[in-house]
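Please open the model in your viewer, with the sequence panel alongside, and keep a selection tool at hand. The stops below are meant to be taken in order.

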Amino acid sequence: MGRRHPNPRLVKIHRNYTVDEAAVTLGVHKNTVRNWQKLGLESIDAVKPGVILGWVLREFLERRRVASKRPCAPGHLYCMRCRSPREPALGMVDLVVLSPTQGNLTGICPDCESVMNQRVRLATIDSVRGGLEIQIRQAESRIADSAVPSVNCDSKGDRKS
Ligand SMILES: [Zn+2]
């Protein structure tokens, strides 16, 4: 309930947390923390039980927060390394279609050259693309062509008199 994005500041950056401790600290279920791990939250599993470094956890939560609260302006993707939205280099992004409704935009950060990823709903892609040139790449799957939205029809939609 309203806990989908816990406050990153509850995490002490100089502490380490087990999954249980992280869950208690943030008031979420253990499975939520495990799910974060699946989503890329790194933990140190060489020790038992595995621990999550406080600053890693906080950073992870901050990224999620920013990404959810403040969607990037059109034409921008969020660079995790720069920790702010950036216009992808050359104004180009790739769209990988993940499902009939979801896709993933990837672009290169012009400042640090790391890869920026952003989940998008295909139905609303026009609201995030801005002036970006989108190239569609199929994920290695058997999604039918019909599932790909026609994001390239620039001029058609313009006249709604
Ligand atoms: Zn960057």
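What follows is a tour of a predicted model, going from the whole chain to a metal site, a set of charged pairs, a strand and a loop residue.

**Whole chain**

Begin with the cartoon of the entire chain, coloured by secondary structure, where you should find four helices and eight strands. Followed from the N terminus on, these elements run in the order β-α-α-β-α-β-β-β-β-β-α-β. If you then colour by accessibility, buried residues make up 34% of the 161 residues in the chain. Among the contacts with a separation of 6 or more, 48% are accounted for by residues 24 or more positions apart.

**The zinc ion**

Select the zinc ion next, and display the side chains around it. Which protein atoms serve as its donors? They are the SG atoms of C79, C82, C109 and C112, which lie 2.2 to 2.3 Å from the zinc ion. The angles subtended by the four donor atoms range from 101 to 113°, and the arrangement is therefore tetrahedral, since all angles have to lie between 85 and 135 degrees for that label.

In the sequence panel, the donors can be picked out by their spacing, C-x2-C-x26-C-x2-C. Two of them, C82 and C112, link distant parts of the chain, with C82 in the loop between β3 and β4 and C112 in the loop between β6 and β7, 30 residues apart.

Now compare the surroundings of two of these cysteines: is each one buried or partly exposed? C82 is partly exposed, with a relative accessible area of 23%, whereas C109 is buried, at 1%. A search for disulfides in the structure returns zero.

**Charged pairs beside the β3–β4 loop**

Keep the loop between β3 and β4 on screen and select R83, together with E59 and E62. R83 forms a salt bridge with E59, in which the closest N and O atoms are 2.4 Å apart. Because R83 belongs to the loop between β3 (77–79) and β4 (84–86) while E59 belongs to helix α3 (residues 54–69), this pair ties together parts that are 24 residues apart in sequence.

A salt bridge also joins R83 to E62, with 3.9 Å between the closest N and O atoms. Here again distant parts of the chain are linked, from R83 in the loop between β3 and β4 to E62 in helix α3, 21 residues apart. Taken together, E59, E62 and R83 are linked in a network of salt bridges.

With the accessibility colouring switched back on, R83 counts as partly exposed at 45%, E59 as partly exposed at 22%, and E62 as partly exposed at 25%.

**From β4 to the β6–β7 loop**

Move on to D111 and R86, which form a salt bridge whose closest N and O atoms are 2.5 Å apart. D111 lies in the loop between β6 (102–108) and β7 (115–121) and R86 lies in strand β4, so parts that are 25 residues apart in sequence are tied together by this pair. The two partners differ in class, as D111 counts as exposed at 52% relative accessibility, while R86 counts as partly exposed at 21%. Searching the whole structure in this way finds six salt bridges, among them the pair D111 and R86.

**Strand β5 and its partners**

Select residues 92–97, which form strand β5, and show the surface of the remainder. Five of the six residues of this strand are buried, so the strand is largely enclosed by the rest of the structure.

How does β5 run relative to strand β8 (residues 133–138), parallel or antiparallel? The two strands run parallel and are joined by six bridges; to inspect a position in β8, select Q135, which stands opposite D94.

The pairing of β5 with β6 is in the antiparallel sense and extends over four bridges. For a position in this pairing, select V97, whose bridge partner in β6 is G103. β5 and β6 form a hairpin, and four residues lie between them.

**A loop residue, T18**

For the last stop, select T18, which is found in the loop between β1 (16–17) and α1 (19–26). T18 counts as buried, at 15% relative accessibility. When residues up to four places away in sequence are not counted, the residues it touches are P49, G50 and V51.

Technical notes. Residues are numbered from 1 along each chain as its sequence is written. This is a predicted model: local features need pLDDT of at least 70, side-chain atom pairs count only at pLDDT 80 or more; totals for chains, interfaces and linings use all residues. Side-chain values use heavy atoms; hydrogens and water are left out. A salt bridge is a side-chain nitrogen of Lys or Arg within 4 Å of a carboxyl oxygen of Asp or Glu. Buried means under 20% relative accessible area, exposed over 50%, partly exposed in between (1.4 Å probe, protein chains only). Two strands pair if DSSP finds at least two bridges between them. A disulfide is a pair of cysteine sulfur atoms within 2.5 Å. Donors are N, O and S atoms within 2.8 Å of the metal (3.2 Å for Na, K and Ca); water is not among the atoms, so sites may look incomplete. Four donors count as tetrahedral if all angles lie between 85 and 135 degrees; four count as square planar and six as octahedral if opposite donors are over 155 degrees apart and all others between 65 and 115; anything else is irregular. Contact means heavy atoms within 4.5 Å.
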